[in-house]
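Biologist: I have a model open and want to learn how to read its features. Can we go through it piece by piece?

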Amino acid sequence: MGLLLLLLLVPHLVVFAFSVNEEAFVGVNIGTDVSDMPNPTQVVALLKAQQIRHVRLFDADQAMLLALANTGICVIVSVPNDQLLGIGQSNATAANWVSRNILPHVPATNITAIAIGSEVLTTLPNAAPVLVSAMKFIHSALVAANLDTKIKVSTPHSSFIILDSFPPSQAFFNRSLDPVIVPLLKFLQDTGSYLMLNVYPYYDFMKSNGVIPLDYALFRPLPPNKEAVDSNTLLHYTNVFDAVVDAAYFAMSYLNFTNISILVTESGWPSKGDSSEPDASLDNANSYNSNLIRHVLNNTGTPKHPGIAVSTFIYELYNEDLRPGSVSEKNWGLFYSSGVPVYTMHLTGSGTVLANDTTNQTYCVAKENADKEMVQAALDWACGPGKVDCTPLLQENPCYEPNTVIAHASYAFDAYYHKMGMADGTCNFNGVAKITTSDPSYGSCKYPGSGRRNGTFTNSSSLAPSSGSTASGCHPQYSHGVPTFLSSLIVGLTLWTAASL
C-alpha cells in the first residue's frame, strides 16, 4: 500500500528492486565473423530448434531483425563501437539511429534492449567521455517513441573495470573511471536498467597460473575445504562465476548503488586452442557451458544475492573462423556454421534451452555455387563406386525434378553420407558438398536422412572423394558477472584461499 501511495505521489519515479520471483534465462550471442555464415532464416531455424528464446546481436542487422519478427524471441541489438562517437555527440544522430534500426521492427520483433558499444571503457577509451551521452540520447529517442518502458539501454563492460576482485567484498571499480562510472550507474538506476558485464572464468583461470583450480572455474563440485571463503562476509564460493558476479555487486555498493541488477552479456569457454592453451578443449567447454546453464536455470543466485535470477548470454552461437588472434578466439561457438553442434551438451529435459541433440539431424547437399563439372563427377562417383541407390533420380521417379545437377547430386550426396553413418569426411566430395541441418526433402522426394535420423547405417569400404577428408514477456531481470584478469586477482585469491584452508 505504501509503494502504491508513493507511485501515485511521484508518477515518474522509477522503482526497481531485486525480485526472487523472476526466473532466470539463458541466451546466446550471435557473431557473424564466419566464412560460411548461415542466412538469417537458417539462424532463426536453429534458434527455434534449440529452444533459444533470447539473443544478443552485435549490430542491428536489418535482415536478421526481419527474420526474428513474430518469433517472440527476445533480442538485444547493439550500437557498434564505430558508430558510438557520432551518436554520443549528437542527439539528432541518436534519434536517426533509433528511427532507422528500431522503429521499423517493433513490435513484430521483440527488441528488449539496446547495448551501446562493447567494452568501451577498456577497448575504446577515446569514446569514454561520450558513452553516457550516447546512452542518454538513445534513451531520449525511445522516450519520444514511447518505447522506453519496453526497451532498456545499457553498455557491456569488461571485467577490467573491477579491481581487487578477490575476495568479492573488497572489490571496487577502477577509480580513474569514476567520472564515467558514477553517472553511468546513475543513468541505469534512474531508468531501471541493468549493468551489462562480460564474465569469462576461462581467462581468470588462465591468468592465475595455477592458483585457480580448473574445477573451480568449471562449476565442478569441490570439497568444503577447497571452497573459497570471503573472510569479511564468511560467504562460501564454489565457483569463479559467482565470485566475480558478487564482486560487481560489491563494487557498485561501494559507490552507493545497491539496487542495480546485472546482466551477463557474455560467458563461455573455448573448445579448441593452440599448444599454449591446453585447457581450451571440447570436454572443458562442454562442462563449463552445461554447468553454467544448469546453474543459471536453477535460480540459485549468488552467495550475496541467493535466489536472485542470474540471466546470462553464452558466447557464442557459432564458431567464428574469421576472427583474428589465437586458435581459441575462433572456437567459442556451440555450433559450426552448418548447424552441427561442436559438442553435445550434458543437458536433459524437454523444452530446456540447448538440450535438443541435433547431431543426427544433419544432411549432406551440394554447394549451390560449386563448379558444375566437379559436381557432376561427384554425382557419377556416388551413384557408381559409392554404391548409392540413385533410382529415385530416374525420370518419372520422386526426385527427378528439378532435373539439375545440383538437385540430383544433393540427393546422392545425402544418401552416401547417411549410408556411411555420417562419419567425418563423408560429406566432402572434393569440396563441392556441405553439411546442413535443414531437411532438403520436398514434396514426395524424401531424402535418405529425413526418414532415418535415428536409424543405424551399414558401413562400407568405399570412401567418398575428399580434399582432406511469440513468447513475449521478456523480463528485464538479469544478474551477474564480472571477469577478472588483473594481477591483483592472483595475489588476492592466493591469500583468500590460504585463509579458507
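Biologist: Where is Glu396 found?

Modeller: First, a caution: this is a predicted model. Glu396 is found in the loop between helix H13 (372-383) and helix H14 (405-419).

Biologist: What is its phi?

Modeller: Glu396 has a positive phi of about 75 degrees, although it is not a glycine.

Biologist: Is Glu396 buried or exposed?

Modeller: The cut-off for exposed is over 50% relative accessible area. Glu396 has 77%, so it is exposed.

Biologist: Which residue in the loop between H14 and strand E15 (433-436) should I look at next?

Modeller: Take Asn430, which sits in that loop. Asn430 is not a glycine, yet its phi is positive, about 55 degrees. Its relative accessibility is 43%, so Asn430 counts as partly exposed.

Biologist: Now the peptide bonds. Which bond leading to Pro107 is cis?

Modeller: Read omega. The bond from Val106 to Pro107 is cis, with omega near 5 degrees. Pro107 belongs to the loop between helix H5 (91-101) and strand E4 (110-116).

Biologist: What joins Tyr315 and Glu316?

Modeller: A cis peptide bond, with omega about 15 degrees. Glu316 lies in the loop between E13 and strand E14 (363-366).

Biologist: On to strands. How many of the five residues of E1 are buried?

Modeller: Look at each face in turn. On one side of E1 are Val26, Val28 and Ile30, on the other Gly27 and Asn29, and all are buried. That is five of the five residues, so E1 is largely enclosed by the rest of the structure.

Biologist: Which strands pair with E1, and in which sense?

Modeller: Follow the bridges. Three of them join E1 (residues 26-30) to E2, and these strands run parallel. Val28 stands opposite Val55 in E2, and Asn29 has Arg56 as its bridge partner there. E1 also pairs with strand E13 (residues 312-314), again through three bridges and in the parallel sense. Val26 faces Thr312 in that pairing.

Biologist: Which way do the residues of E2 point?

Modeller: Use the two faces again. In E2 (residues 54-57), His54 and Arg56 point one way, while Val55 and Leu57 point the other. All are buried.

Biologist: What joins E2 to strand E3?

Modeller: Three bridges join E2 to E3 (residues 74-79), and the two run parallel. His54 has Cys74 as its bridge partner in E3.

Biologist: Which helices take part in the crossovers?

Modeller: Trace strand, helix, strand. E1, helix H2 (residues 40-49) and E2 form a right-handed β-α-β unit. E2, helix H3 (residues 62-67) and E3 form a right-handed β-α-β unit too.

Biologist: Last, side chains. With which side chain does that of Tyr237 make a polar contact?

Modeller: With that of Asp246, at 2.6 Å. Tyr237 lies in strand E11 (residues 236-237). Its relative accessibility is 0%, so Tyr237 counts as buried. Asp246 is found in helix H11 (residues 240-254).

Biologist: Which side chain of opposite charge is nearest to Asp246?

Modeller: Check the distance against the cut-off. A salt bridge needs the charged atoms within 4 Å. The nearest such side chain, Lys304, is 6.8 Å away, and Asp246 is buried with no salt bridge. The side chain of Asp246 does make a polar contact with that of Thr302, at 2.5 Å. Leaving aside neighbours within four places in sequence, the residues in contact with Asp246 include Pro168, Pro303 and His305.

Terms used:
Residues numbered from 1 in each chain as written. Predicted model: local features only at pLDDT ≥ 70, side-chain atom pairs only at ≥ 80, totals over all residues. Heavy atoms only, no water. Buried < 20%, exposed > 50% of the residue type's maximum accessible area, 1.4 Å probe, protein only. Helix = DSSP H or I, 4+ residues; strand = E, 2+ residues; numbered from the N terminus. Pairing = 2+ DSSP bridges. Right-handed = clockwise from strand over helix to strand, strands pointing away. Polar contact = N/O pair within 3.5 Å; in protein donor to acceptor, adjacent residues only side chain to side chain. Lys, Arg positive; Asp, Glu negative; His and termini not counted. Contact = heavy atoms within 4.5 Å.
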